[in-house]
Amino acid sequence: MAQIFQGIDPYVEAQGYWPDFHHGFITYCREALADALPGSYEARVNEEMRVFSRGEEELALRKVIPDVGILRGAASEPAEATGSIATLEPVTVELPVIEEVRDAWIEIIRHPGRELVTVIELLSPSNKEQPGRDLYLAKRSALLVQQVHLVELDLLLGGRRLPMRRPLPQGDYYVLVSRHDRRPASEVYVWRRDDRLPTIPVPLKPPDSDVALDLAAVYRTAYDRGRYAKSIDYNQPIPSNL
């Protein structure tokens, strides 16, 4: 079955296929860049796994132990000193919901010193909602103070957009290209759901020119190789929050 959308298929996001699609897209994006980069550059996939507890203010794993049990029987009478044991009624306490999120991104490195030149991030739902949003924004802030270009791909309808000094133009999908030598200015590419994905520039180290990355071709490869059109139930409506 062929892809039925000219642009991004929102059902990939709506029906939970995004984690698998994310890794495929990153892989094929790296391959497209490897074919286009000058010989002094390489594109590598890096990743990390984050573990956090949803519903907690702090992002830490905690063991939950009830403080007090409820005495079964007459609570006003102390246990006799004959070695008898008071019976406690257990208290039911819910543990935090633990989530594991594996983030992958692309790093463009220049030889001979293996200098980090550009980072390409494909946002996931966990990057756009709490508690993962704060973690991503902290990583983003750390990159923005370095002499590293940052390219952020937001191919998701759901979640909160990345914070900017001024509101983003109206659209469904965004690419932000932040060149370290032009900050705080950032190039914004925006398009609607039914539009074809654009070709974007990926900045390198001057005097090397930008590399063109055809997002539509990468998306098509990731979509076709993942065979999502065979798995998606297109009879289901798209959730109203997307």
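Six helices and ten strands make up the secondary structure of the protein, as seen in a predicted model. Of its 242 residues, 38% count as buried, and the accessible surface comes to about 14000 Å², of which 50% belongs to carbon and sulfur atoms. Among contacts between residues at least 6 apart in sequence, 65% join residues that are at least 24 apart.

The largest nonpolar core contains 45 residues, and F25, L33, L153, L155 and L215 are those with the most contacts inside it. Helix α2 (residues 18-36) supplies the largest share of this core, namely seven residues. In soluble globular proteins, nonpolar side chains tend to be buried together. The helix α2 has 19 residues and spans 26 Å from its first C-alpha to its last, which is close to the 27 Å expected at 1.5 Å a residue. Its buried residues are W18, F21, H22, G24, F25, I26, Y28, C29 and L33, and two of these names, F25 and L33, recur in the list of core residues with the most contacts. When residues up to four places away in sequence are not counted, L153 touches F25, I120, E121, L122, L123, Y174, V175, I200 and L215.

A search of the whole structure finds 14 salt bridges. Side chains of opposite charge can pair when their charged atoms come close. In one of the pairs, K139 forms a salt bridge with E121, the closest N and O atoms being 2.6 Å apart. Because K139 lies in helix α4 (residues 132-144) and E121 in strand β5 (residues 115-122), the pair ties together parts that are 18 residues apart in sequence. The two partners are covered to differing degrees, since E121 is buried, with a relative accessible area of 5%, whereas K139 is partly exposed, with a relative accessible area of 23%. E121 is also among the residues that L153 touches.

A further salt bridge joins E47 to R102, with the closest N and O atoms 3.7 Å apart. This pair links distant parts of the chain, with E47 in strand β1 and R102 in strand β4 (residues 97-110), 55 residues apart. E47 counts as partly exposed at 41% relative accessibility, and R102 is likewise partly exposed, with a relative accessible area of 42%. The side chains of R196 and D214 also meet in a salt bridge, at 3.9 Å from N to O. Here R196 belongs to the loop between β8 (187-191) and β9 (199-202), while D214 belongs to strand β10 (residues 211-214), so that the pair links distant parts of the chain, 18 residues apart. R196 counts as partly exposed at 49% relative accessibility, as does D214 at 27%. In addition, R179, R182, E187 and D210 are linked in a network of salt bridges.

On the surface, M49, V51 and I98 make a nonpolar patch of about 240 Å². V51 is found in strand β1 (residues 41-54) and is partly exposed, with a relative accessible area of 34%. Towards the other end of the sequence, D233 is found in the segment after α6 (228-231) and counts as partly exposed at 31% relative accessibility. D233 and Q15 are 218 residues apart in sequence, yet their C-alpha atoms are 8.2 Å apart in space. Not counting residues up to four places away in sequence, D233 touches Y11 and Q15.

Methods: Residues numbered from 1 in each chain as written. Predicted model: local features only at pLDDT ≥ 70, side-chain atom pairs only at ≥ 80, totals over all residues. Heavy atoms only, no water. Patch = residues over 30% accessible without salt bridge, like charges linked within 9 Å, V, L, I, M, F, W, Y side chains within 5 Å. Areas by Shrake-Rupley, 256 points an atom, 1.4 Å probe, with all protein chains shown as cover. Salt bridge = Lys/Arg side-chain N within 4 Å of Asp/Glu carboxyl O. Helix = DSSP H or I, 4+ residues; strand = E, 2+ residues; numbered from the N terminus. Buried < 20%, exposed > 50% of the residue type's maximum accessible area, 1.4 Å probe, protein only. Core = buried A, V, L, I, M, F, W, Y, C linked by side-chain atoms within 4.5 Å. Contact = heavy atoms within 4.5 Å. Expected span 1.5 Å × (residues − 1).
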